[in-house]
Amino acid sequence: MNNQILSARLTLTKVALPDWELIRSIYSNPTLMEHIGATMSDEDIRCNFEKELAPWNLESNHWLTWIIRETDSGSDVGLISICTRNRETLTAEVGFIILEGFKGKGYATEAIRRVFDFAVDTFRFKKFTAVCSEEHAGSRRVLEKAGMKLDKIVPESTEIAGKMVNDCFYSLEK
């Protein structure tokens with residue numbers, strides 16, 4: 001499998017050992033985790049990170065994660081991941097986190113579209129899903145710009161920071 005995916009402005013590189021500090025800084029940052037869940041301990045982050053370093057295929061239970069970087073500057077933009085959710089229907093879930101200084105530039109939409117194309121070409125996925133909190137308008141806009149459709153909103157579905165939030169479930173068939 002190709003460890004690098006290129007788009008017009010971005011280079012997506014499969015997560016590797018040198019990315020530990022970036023991954024740790026993302027999952028321990030309360031601002032970045034505000035709409036996702038609780039910040040994680042270094043031990044929990046390390047455990048997930050080690051899983052994501054492992055080789056990935058359709059049978060894997062862990063996420064396939066890429067670091068998103070600006071091609072021109074090499075600056076870290078965030079991360080994007082997919083995980084197989086249904087092997088029979090070839091369905092994958094997508095998730096992403098964009099660092100504060102890079103939001104609003106269209107990078108998340110560009111990365112998602114490119115990952116969808118890669119996942120269809122490489123793994124033959126036919127459907128993609130995503131979940132985000134209803135109040136996270138930015139993520140909802142990104143998913144819709146990437147072509148995903150809102151399927152349903154489930155009230156008080158997930159607890160984030162001690163508060164129950166409504167979850168928006170999105171999908172896209174390829």
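This passage describes the fold, the paired strands and the largest pocket of one protein chain.

The model is predicted. The protein chain contains 5 helices and 8 strands. Along the sequence, these elements follow the pattern β-β-α-α-α-β-β-β-α-β-α-β-β. The radius of gyration is 15 Å, close to the 16 Å that the globule rule gives for 174 residues, so the chain is as compact as a globular protein of that length. Taken along the principal axes, the C-alpha atoms fill a box of roughly 40 × 35 × 30 Å. Of the 174 residues in the chain, 45% are buried.

UniProt lists residues 10-174 under "domain: N-acetyltransferase", in an unreviewed entry. Over residues 10-174, helix accounts for 30% of the chain and strand for 37%. The C-alpha atoms at the two ends of this stretch are 22 Å apart.

Strand pairing was examined next, beginning with E6. Strand E6 spans residues 127-133. Of its 7 residues, 5 are buried, that is, under 20% relative accessible area. Strand E6 is therefore largely enclosed by the rest of the structure. Two pairings of E6 are described here. Strand E5, residues 91-98, runs parallel to E6 and is joined to it by 3 bridges. In this pairing, threonine 91 stands opposite lysine 127 in E6. Strand E8, residues 163-173, runs antiparallel to E6, and 7 bridges join the two. Here serine 133 stands opposite aspartate 167 in E8.

Strand E8 also pairs with E7. Strand E7 covers residues 149-160, and its pairing with E8 is antiparallel over 8 bridges. Isoleucine 160 stands opposite lysine 163 in E8. Together, E7 and E8 form a hairpin with 2 residues between them. Alanine 161, in the turn, has a positive phi of about 55 degrees. Glycine 162 lies in the loop between E7 and E8. In regular strands generally, side chains alternate between the two faces of the sheet.

Two residues of this region were considered for exposure and for contacts along the chain. Glutamate 159 belongs to strand E7. Its relative accessibility is 54%, and the cut-off for exposed is over 50%, so glutamate 159 counts as exposed. Glutamate 159 and alanine 38 are 121 residues apart along the chain, yet their C-alpha atoms are separated by 9.0 Å. Glycine 162, in the loop, has a relative accessibility of 64% and therefore also counts as exposed. The C-alpha atoms of glycine 162 and glycine 37 are separated by 9.6 Å. Along the chain, these two glycines are 125 residues apart.

Empty space was examined last. Rolling a probe the size of a water molecule over the atoms shows where such space is left. The largest pocket has a volume of about 1200 Å³. It is lined by 49 residues, and those closest to its centre are Ile36, Gly95, Phe96, Ile97 and Ser139. By class, the lining of this pocket comprises 24 nonpolar, 14 polar and 11 charged residues.

Notes
Residues numbered from 1 in each chain as written. Predicted model: local features only at pLDDT ≥ 70, side-chain atom pairs only at ≥ 80, totals over all residues. Heavy atoms only, no water. Pairing = 2+ DSSP bridges. Helix = DSSP H or I, 4+ residues; strand = E, 2+ residues; numbered from the N terminus. UniProt positions renumbered as here; feature names shortened; annotations may be inferred. 1 Å grid on protein atoms, 1.4 Å probe; cavity = no way out; pocket = protein on both sides within 12 Å on 5 of 7 lines; lining within 4 Å. Points joined across faces, edges and corners; volume = space filled by probe spheres on them. Nonpolar A, V, L, I, M, F, W, Y, C, P; charged D, E, K, R; others polar. Rg over C-alpha atoms; globule rule 2.2 N^0.38 Å. Buried < 20%, exposed > 50% of the residue type's maximum accessible area, 1.4 Å probe, protein only.
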